[in-house]
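User: I'd like to learn how to read salt bridges and burial in a model. Please take me through the case on screen.

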Amino acid sequence: MVADVRFMTSRERRFMGGCHCGAVRFEVVLDLRARVESCMCAMCVKSGVRAVWVPEQAFELGSGMDYLRDYRFGSGAVHHYFCERCGVRSFTEAADGEGYCVNLACLDEVQGVFLERPSSRSAGVATHVHG
């Protein structure tokens, strides 16, 4: 189970999310003022992912492990998971167990991601999540 609601700060909120077909479902606790990344790796640029990195304890895969496939490239340091049924990349996982990168477009209740400024190719885009 992800963070107990009794220990969440006022800036944190629990979200449910998943892939397009519904086979992959997850729960995540996000800090609503967390930095949203527009990763500039070749994979994320091609798919337009806007994401937030969260620690391992803030993420829980609810269902769909059997539908997830792992794509790695370059150093292989990141597991780029995607649903084998619909192809959607809901999240990635650092190979070293450092945490998860959640694709904000896959959250059920996010109303918007507002871009504040463009960034360098490696730093991403600073934004806020509004749920």
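Analyst: Gladly! Let's begin with one residue: Arg13 counts as partly exposed, at 24% relative accessibility. Buried means under 20% relative accessible area, exposed means over 50%, and partly exposed lies in between (1.4 Å probe, protein chains only). Before going on, note that this is a predicted model, in which local features need pLDDT of at least 70 and side-chain atom pairs count only at pLDDT 80 or more, while totals for chains, interfaces and linings use all residues. Residues are numbered from 1 along each chain as its sequence is written, and side-chain values use heavy atoms, leaving out hydrogens and water.

User: With which residue does Arg13 form a salt bridge?

Analyst: The general idea is that side chains of opposite charge can pair when their charged atoms come close. The cut-off here is a side-chain nitrogen of Lys or Arg within 4 Å of a carboxyl oxygen of Asp or Glu. Arg13 pairs in this way with Glu109, their closest N and O atoms lying 2.4 Å apart. This links distant parts of the chain, 96 residues apart: Arg13 belongs to strand 1 (residues 12-18), and Glu109 to the loop between strand 8 (100-103) and strand 9 (112-117). Glu109 is partly exposed, with a relative accessible area of 43%.

User: How many salt bridges does a search of the whole structure find?

Analyst: The search finds five. One of them joins the side chains of Glu27 and Arg14, at 2.7 Å from N to O. Here Glu27 in strand 2 (residues 25-31) is linked to Arg14 in strand 1, 13 residues apart.

User: Is Glu27 buried or exposed?

Analyst: Glu27 counts as buried, because its relative accessibility is 18%. Its partner Arg14 is partly exposed, with 27%. Strand 2 also offers Arg25, whose side chain meets that of Asp108 in a salt bridge (2.5 Å, N to O). That pair ties strand 2 to the loop between strand 8 and strand 9, across 83 residues. Asp108 is partly exposed at 45%, and Arg25 is partly exposed at 25%.

User: Which elements does the chain have?

Analyst: Helices (H or I, at least four residues) and strands (E, at least two) are DSSP runs, numbered from the N terminus. This chain has one helix and 10 strands, in the order β-β-α-β-β-β-β-β-β-β-β from the N terminus on. Of its 131 residues, 40% count as buried.
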